[in-house]
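Colleague: Could you take me through one part of this model in detail, the nonpolar core, and then follow the links outward from there? Please spell out your cut-offs as you go.

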Amino acid sequence: MKLWAGRIQQEADARLNDFNASIRFDSRLYKQDIGGSMAHATMLRECGIITPAECDQILTGLSAILRDLESGELGIDPESEDIHTFVEAELTARIGDAGKKLHTARSRNDQVALDLRLYLRDELSAVTAMLRTLTGVLCDKAEEHTETIMPGYTHLQRAQPITFAHHLLAWAQMLLRDIGRLEDCYRRMNRSPLGCGALAATSYPIDRDMTAQLLGFDGPVLNSLDGVSDRDFCVEFVSALALVMTHLSRACEEIILWCSWEFKFIELDDRFATGSSIMPQKKNPDIPELVRGKTGRVNGDLIALLTMLKGLPLAYNKDMQEDKEAVFDACDTVKMALDAFTPMVETMAVNTQRMRAAVSGGFLNATDCADYLTRKGLPFRDAYKITGTLVAYCIEQGETLETLPLEQYRQFSEEFSEDIYEAVALETCLNSRNVLGGPAGEQVRLQLADIRDQLGAQ
């Protein structure tokens, strides 16, 4: 029987049932639905709204339903309208009239809002833990490569020398911001809507603080209209997940490039790559390509939520049923991406010689040459022009700044002397950038320690 039977006299059209039902996707909320119902029943007992005996029956029945669902002895009826209907119907079938009292002082509106907050709170914690694990893996990999020189890029053109550790820790900083956003989201999410009723609370003398405390919330939401119609926590969570995927996608784009023969900076472990059905030489970076592709999927989930909410009047509207598939898909996609990305990074091999060769051949020390002249007293813009002309000459002559003879240096400026070769040496270029946040070994090690401290404090 439908929970809303009574006012509606005729049997619902089968097409309405199919279109209206949410059991196929909200069935994953069964733990949260049962947990919320147990807290609600306990509060009803403490407030004298149901008897202790009725509460005992309800709690025993709900515990048995949860146990049977977990063991597989009980299956969720796909003909039920939603998970709330299924649990209540199963409870009533098992314990009789006491089961019909569970919904006292409660609406499906505050019930579903509660279930979703409970579920996403757990998912948020799971994603945060996975991000922390990945950040730790990046730190471990960086620690191995604090002296591995590679090109830093702008416009995908070789720019200045950095280390592989410095690059990996840039990814780690992105993830730390993701963790921070999720933690902020958790604080706003962690308020209980239970007791808001359909929209105007209830006339029963309930204790909303009690149910909030029983369910681990920081407190109840303070406006019943807002409590049942708020889905900001869904939007905020999926927005944070979209940024997680954006950061993973950017990293994946670099991994894809670095795997190519044109770069060959890294090689993925065979367990995290595939081959071609026709070209036997191929080793394809399918995992980073799929992560890159699935980013659009999570972005789409975010747009779906924003679009669903943008024109809704208060309070609850059936449109809000569309929130679940979007948040479920975003959670599933991000967790799947992190589960594949983390061991892929952990096991990838680093070709330090290719990285070093790429730094040596791209005039990445040109800025240091200009800085050398500036320290000799030339204005930076004059030093910049001289160095640019010098680089063009080196390209024409097949030389580098490291190999160009001093007499040819001095054709461009009398300020050049023998110490220019020390100034443009790659290690000098790298370690002279010993400022906070820079790629010098000392700064990278400080950054590593800071990131590990942040992970340890969370």
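Modeller: Here is the core, followed by the salt bridges, a surface patch and some backbone oddities. Quick ground rules: this is a predicted model, so local features need pLDDT of at least 70, side-chain atom pairs count only at pLDDT 80 or more, and totals for chains, interfaces and linings use all residues. Numbering starts from 1 along each chain as its sequence is written, and side-chain values use heavy atoms, with hydrogens and water left out.

By a nonpolar core I mean a set of buried Ala, Val, Leu, Ile, Met, Phe, Trp, Tyr and Cys residues joined through side-chain atoms within 4.5 Å. Buried is under 20% relative accessible area, exposed is over 50%, and partly exposed is in between (1.4 Å probe, protein chains only). The largest such core has 99 residues, and those with the most contacts inside it are Leu-120, Phe-164, Phe-237, Leu-248, Ile-255, Ile-266 and Phe-341. Helix α11 (residues 232-259) gives the most to this core, namely 16 residues. Helices (H or I, at least four residues) and strands (E, at least two) are DSSP runs, numbered from the N terminus.

Zoom in on Phe-237: leaving aside residues up to four places away in sequence, Phe-237 touches Leu-120, Glu-123, Leu-124, Leu-182, Cys-185, Met-189 and Cys-331. Contact here means heavy atoms within 4.5 Å. Apart from the largest core lies another, of 20 residues, with Phe-363, Leu-373, Cys-394 and Tyr-409 among them.

Now the charged pairs. A salt bridge is a side-chain nitrogen of Lys or Arg within 4 Å of a carboxyl oxygen of Asp or Glu, and by this rule the count comes to 29. In one of them, Arg-28 pairs with Asp-332, with the closest N and O atoms 2.9 Å apart. Arg-28 sits in the loop between α2 (23-26) and α3 (30-46) and Asp-332 in helix α13 (residues 322-347), so the pair ties together parts 304 residues apart in sequence. Arg-28 is partly exposed at 31%, and Asp-332 is partly exposed at 35%.

Arg-452 and Glu-143 make another salt bridge, again with the closest N and O atoms 2.9 Å apart. Here helix α20 (residues 441-457) holds Arg-452 and helix α7 (residues 108-143) holds Glu-143, so this pair ties together parts that are 309 residues apart in sequence. Arg-452, at 30% relative accessibility, is partly exposed, and so is Glu-143, at 48%. Salt bridges that share partners also join Asp-68, Glu-90 and Arg-94 into one network.

Out on the surface, Leu-199, Leu-225 and Leu-314 make a nonpolar patch of about 270 Å². Patches take residues with over 30% relative accessible area and no salt bridge, joining like charges within 9 Å and nonpolar side chains (Val, Leu, Ile, Met, Phe, Trp, Tyr) within 5 Å; the areas are Shrake-Rupley with a 1.4 Å probe, and for residues only the protein chains shown count as cover. Leu-199 is in the loop between α8 (164-189) and α9 (208-214).

Leu-314 also turns up in the backbone: its peptide bond to Ala-315 is cis, with omega near 10 degrees. Two non-glycine residues are worth a look as well. His-155 has a positive phi of about 55 degrees and is exposed at 76%. Lys-264 also has a positive phi of about 55 degrees, but Lys-264 is buried, at 18%.
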